[in-house]
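Student: Could we go through this model together, starting with the empty space inside and then turning to one chain as a whole?
Tutor: Gladly, let's have a look.

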Number of protein chains: 2
Amino acid sequence: MKYPKDRVYIHEVVTRDGFQNEATFIPTDEKISLINRLGRCGVAKIEVTSFTSPKAIPALRDAEAVMQQIERSPDVVYTVLVPNIRGAERALSCQPNEVNLVMSTSESHNLANLRMGRDASFSQLADVIRLVRQTSVAINVSLSTAFGCPMEGDVSPAEVCKWAERFADLGVQGLTICDTTGMAYPAQVSHLLGDMRHRFPSLELTAHFHNTRGMALANSIAAMEVGIRRFDASLGGLGGCPYAPGATGNVCTEDLVHMFELNGANTGVDQHALLDVAGMLRAIVMRDTPGQVLKAGMRLDLHPLPAHVAQALALRREHL
Amino acid sequence: MKYPKDRVYIHEVVTRDGFQNEATFIPTDEKISLINRLGRCGVAKIEVTSFTSPKAIPALRDAEAVMQQIERSPDVVYTVLVPNIRGAERALSCQPNEVNLVMSTSESHNLANLRMGRDASFSQLADVIRLVRQTSVAINVSLSTAFGCPMEGDVSPAEVCKWAERFADLGVQGLTICDTTGMAYPAQVSHLLGDMRHRFPSLELTAHFHNTRGMALANSIAAMEVGIRRFDASLGGLGGCPYAPGATGNVCTEDLVHMFELNGANTGVDQHALLDVAGMLRAIVMRDTPGQVLKAGMRLDLHPLPAHVAQALALRREHL
């Protein structure tokens with residue numbers, strides 16, 4: 001057995017899901033430097049960028065430059081988001097290990113976000129899948145709003161599984177089940193992801209949580225308990241949700257790794273190195289990030305004894 | 001059976017644990033008004049104030065005035081923190097339903113926080129217990145740093161159970177197991193609290209978590225799963241920890257209730273009323289509070305369809 005039973009794979013999405021939501025453009029060389037450092041931390045996958053139209057998401061208009069200049073670690077899967085055939089062609093010219101396609105399981109959210117219905121999205125992504133399957137590049141599909149839609153409310157597990165099934169039939173390798181706007185709760189996560197693990201045993205399933213309502217770590221434990229071993233996370237907890245201004249973003253990578261490691265899982269991540277990169281990220285975005293461990297320190301980063309306590313203990317030792 | 005199986009009891013501590021950490025004095029009438037409104041939300045217990053020396057904690061120097069002027073709901077247990085005999089006498093003159101005593105399970109933290117060793121604390125609290133047992137007032141003991149000490153690191157479960165045992169022998173009704181500086185993690189919570197539930201079946205056990213490293217909700221689920229049904233929580237997530245400046249405070253009441261109710265538990269709390277009071281708290285402390293649900297809304301507080309989506313859906317309906 002290559003890994004212990006509880007090996008957990010961390011997929012870092014900050015340079016795509018995080019930076020996509022930043023108001024100011026992060027310079028290309030800062031993106032590259034961040035990705036290079038993340039690649040040395042032990043994360044299993046990095047979602048580098050998105051090959052969407054530079055007009056639609058100017059924050060990621062340097063997708064080619066970033067992909068061409070980053071160092072590639074042989075232990076990291078470099079994935080890129082691809083919305084359509086044009087994006088797929090651009091992406092494939094940059095040798096990603098994987099492309100990540102995305103659509104919503106809720107009609108309203110797909111219309112709001114991608115400006116077309118789900119059937120149109122599926123058909124477009126099916127074309128992309130046929131194109132990419134002619135190469136050796138892996139294919140993952142992210143299903144948005146799988147735990148709830150901010151406009152429609154609950155999305156039924158049957159609906160989520162229907163779209164999962166359709167993509168499985170097209171031969172994709174992985175599915176990411178996304179809590180796009182932080183509506184998931186632990187019991188729901190257990191039910192949906194537990195069920196999906198049994199239905200799709202040969203697919204790599206990834207959980208993607210947002211901390212919008214504070215439950216991202218609790219949901220991650222719930223997912224872990226039903227056998228999910230792959231987690232999207234964003235350094236510093238960057239990334240956001242236009243429906244919840246002021247709310248926190250994706251589950252924070254360093255907080256997730258800290259909890260999983262304490263709980264006995266093996267993430268393969270060097271936590272000190274990761275916290276250093278999280279500190280660098282804070283400098284790049286020039287503001288505090290939502291992550292907690294960067295502020296509070298790791299659980300066993302101990303504090304010195306206050307002077308009066310040290311004195312009291314010394315006095316006691318003298319008199320023993 | 002008076003309550004369904006998964007009845008959960010919320011103990012609100014914001015006016016004690018939260019306000020104790022506030023830099024500016026909260027006016028007495030604002031405290032009273034907040035407590036009165038909390039008493040109508042369905043929380044099971046309110047830790048109203050602390051009868052410590054007004055010099056040590058000036059923020060709570062109005063303990064008598066607050067206790068004498070609040071409205072008492074018959075469904076709420078009004079508890080007060082008591083450090084010593086002098087505090088107990090002051091507290092008993094104000095007719096609390098319960099007194100809450102506190103000491104640390106770690107020697108360094110007890111020395112730092114209470115300026116005496118654990119044995120001295122225990123002996124002082126034993127005197128208080130003897131005094132209070134002559135009345136009909138209930139007694140709870142909060143054991144601090146039970147999941148770790150910021151200066152010593154891990155505190156062994158055996159150490160925690162030793163102090164729990166000593167207080168149980170003195171006839172207290174309840175024990176609160178406190179993660180004073182946010183060092184608890186889910187697997188640890190399951191082990192310690194699962195074990196303590198079996199060792200102390202006749203005691204009311206309460207979990208007290210801080211969100212210092214983001215794990216408070218995950219830890220609450222873990223506690224719930226091993227049968228804990230009583231939870232301290234602080235409105236807005238107020239309350240803090242001097243060892244982690246900038247870190248968040250106690251587990252946030254409205255976020256905890258929101259998660260528990262989604263997960264199928266019955267907290268007895270009116271969430272809309274609670275969120276109103278959380279909004280009032282934000283006005284009282286005149287700053288943003290760490291709670292997430294107040295910012296993001298409850299999970300099913302839905303958003304209107306964007307205009308282009310509403311238009312697309314209307315068009316589609318016309319052509320069906």
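Student: How many cavities of 30 Å³ or more are there?
Tutor: Keep in mind that this is a predicted model. A cavity here is a space where a 1.4 Å probe fits but cannot get out. With the cut-off at 30 Å³ or more, the count is 3 cavities.

Student: Which residues are the closest to the centre of the largest cavity?
Tutor: That cavity has a volume of about 70 Å³. Its lining is made up of 14 residues. The closest to the centre are His11(B), Lys45(B), Glu47(B), Thr79(B) and Asp232(B).

Student: Which element gives the largest share of the lining of the largest cavity?
Tutor: Good one! The elements of chain B that give two or more residues are β1 (9–12), β2 (45–50), β4 (98–104) and β5 (138–144). The largest share is 3 residues, and the element they come from is β2(B).

Student: And how do the residues of that lining divide into nonpolar, polar and charged?
Tutor: Glycine is counted with the polar group here. On that basis, the lining divides into 2 nonpolar, 7 polar and 5 charged.

Student: Turning to chain A, what is its radius of gyration, set against that of a compact globule?
Tutor: The C-alpha trace of chain A spans about 80 × 45 × 40 Å along its principal axes. Because a compact globule of 320 residues would come near 20 Å, the value for chain A agrees with that rule: 21 Å.

Student: What percentage of the residues of chain A count as buried?
Tutor: Buried means under 20% relative accessible area. Of the 320 residues in chain A, the share that counts as buried is 60%.

Key:
Residues are numbered from 1 along each chain as its sequence is written. Chains are lettered from A and ligands numbered from 1 in the order in which they are written. This is a predicted model: local features need pLDDT of at least 70, side-chain atom pairs count only at pLDDT 80 or more; totals for chains, interfaces and linings use all residues. Side-chain values use heavy atoms; hydrogens and water are left out. On a 1 Å grid over the protein atoms alone, a cavity is a set of points where a 1.4 Å probe fits but cannot get out, and a pocket is an open set with protein on both sides within 12 Å along at least five of seven lines; lining residues have an atom within 4 Å of a point. Grid points are joined across faces, edges and corners, and a volume is the space filled by probe spheres set on the points. Helices (H or I, at least four residues) and strands (E, at least two) are DSSP runs, numbered from the N terminus. The radius of gyration is taken over C-alpha atoms; the globule rule is 2.2 Å times the number of residues to the power 0.38. Buried means under 20% relative accessible area, exposed over 50%, partly exposed in between (1.4 Å probe, protein chains only).
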